[in-house]
Amino acid sequence: MAARYGGARRGRPGRIAVAGLVVLLIALVAILAAGLGRPTATAEHVGYTVQGDDAVSVRFNVITDPGTTVTCRVVAVNDSFAQVGFREVTLGPAPSRMTSHETEVRTTERASAAHVDGCSVVDG
């Protein structure tokens, strides 16, 4: 058999492949671990009050790590779900894990609903 197919190979190419795979896995774990340490922010809708044809007041909670500053996007829509108002509001640093907020959004016409479109952590 050895004369026909050649002698048995030593494990060198296999060892190189295994070593490469180990290095790749370590790099992947390092990248994932770096992302896990970053703070996140989520918004929880509480309610809204239409103030008139040109404003709506939105109440919401923000859940994030204490000491984190966030920017939240607040949107007002009409009966057709078209955006009639928008406001970005920066909040923080947060004194506790959950904080309650209320903000007014100016509108171009009477809003029929409003909500927080999301919050993101401010770097720095």
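**Group meeting: a walk through the model**

Let me start with one residue, Asp 53: its relative accessibility is 52%, so it counts as exposed, since the cut-off for that word is over 50%. Before I go on, please keep in mind that what you see is a predicted model.

So who does Asp 53 meet? Its side chain forms a salt bridge with that of Arg 110, at 3.1 Å from N to O. This pair ties together distant parts of the chain: Asp 53 sits in the loop between β1 (41-52) and β2, Arg 110 sits in the loop between β5 (98-106) and β6, and the two are 57 residues apart. Arg 110 itself counts as partly exposed because its relative accessibility is 47%.

Now look at Asp 54. Its side chain meets that of Arg 106 in a salt bridge, 3.2 Å from N to O. Again the pair links distant parts of the chain, with Arg 106 in strand β5, Asp 54 in the loop between β1 and β2, and their positions 52 residues apart. Arg 106 is exposed, because its relative accessible area is 52%, while Asp 54, at 37% relative accessibility, counts as partly exposed.

Arg 106 also has a salt bridge with Glu 104, where the closest N and O atoms are 3.5 Å apart. Through shared partners, Asp 54, Glu 104 and Arg 106 become one network. Glu 104 is partly exposed, at 37% relative accessibility. In total, the count comes to four salt bridges. As a general reminder, side chains of opposite charge can pair when their charged atoms come close.

Let's step back to the whole chain. The protein has two helices and six strands, and along the sequence they come in the order α-α-β-β-β-β-β-β. Of the 124 residues, 27% are buried. If you take contacts between residues at least 6 apart in sequence, 62% of them join residues at least 24 apart.

Next, the strand I'd like you to find is β3. Is β3 largely enclosed or open? Seven of its eight residues are buried, so β3 is largely enclosed by the rest of the structure. What does it pair with? On one hand there is β4, antiparallel to β3 and joined to it by eight bridges; here Ala 76 stands opposite Gly 85. These two strands make a hairpin with five residues between them, and Phe 81 in the turn has a positive phi of about 65°. On the other hand there is β6, which pairs with β3 in the antiparallel sense, also over eight bridges. Thr 71 has Ser 120 in β6 as its bridge partner.

That brings us to the inside. The largest nonpolar core has 17 residues, and Phe 60 and Cys 72 have the most contacts inside it. β2 (55-64), β3 (70-77), β4 (83-91) and β6 (113-121) are the elements that each give two or more residues to this core. Leaving aside neighbours within four places in sequence, Phe 60 touches a long list of residues, including Cys 72, Val 74, Val 89, Leu 91 and Val 116. In soluble globular proteins, nonpolar side chains tend to be buried together.

Finally, the outside. Leu 21, Leu 24, Leu 25, Leu 28 and Leu 32 make a nonpolar surface patch of about 500 Å². Leu 28 belongs to helix α2 (residues 12-36), and it counts as partly exposed because its relative accessibility is 47%. The accessible surface of the protein comes to about 8,600 Å², with 56% belonging to carbon and sulfur atoms. Thanks, everyone!

Methods
Residues numbered from 1 in each chain as written. Predicted model: local features only at pLDDT ≥ 70, side-chain atom pairs only at ≥ 80, totals over all residues. Heavy atoms only, no water. Core = buried A, V, L, I, M, F, W, Y, C linked by side-chain atoms within 4.5 Å. Buried < 20%, exposed > 50% of the residue type's maximum accessible area, 1.4 Å probe, protein only. Helix = DSSP H or I, 4+ residues; strand = E, 2+ residues; numbered from the N terminus. Contact = heavy atoms within 4.5 Å. Patch = residues over 30% accessible without salt bridge, like charges linked within 9 Å, V, L, I, M, F, W, Y side chains within 5 Å. Areas by Shrake-Rupley, 256 points an atom, 1.4 Å probe, with all protein chains shown as cover. Pairing = 2+ DSSP bridges.
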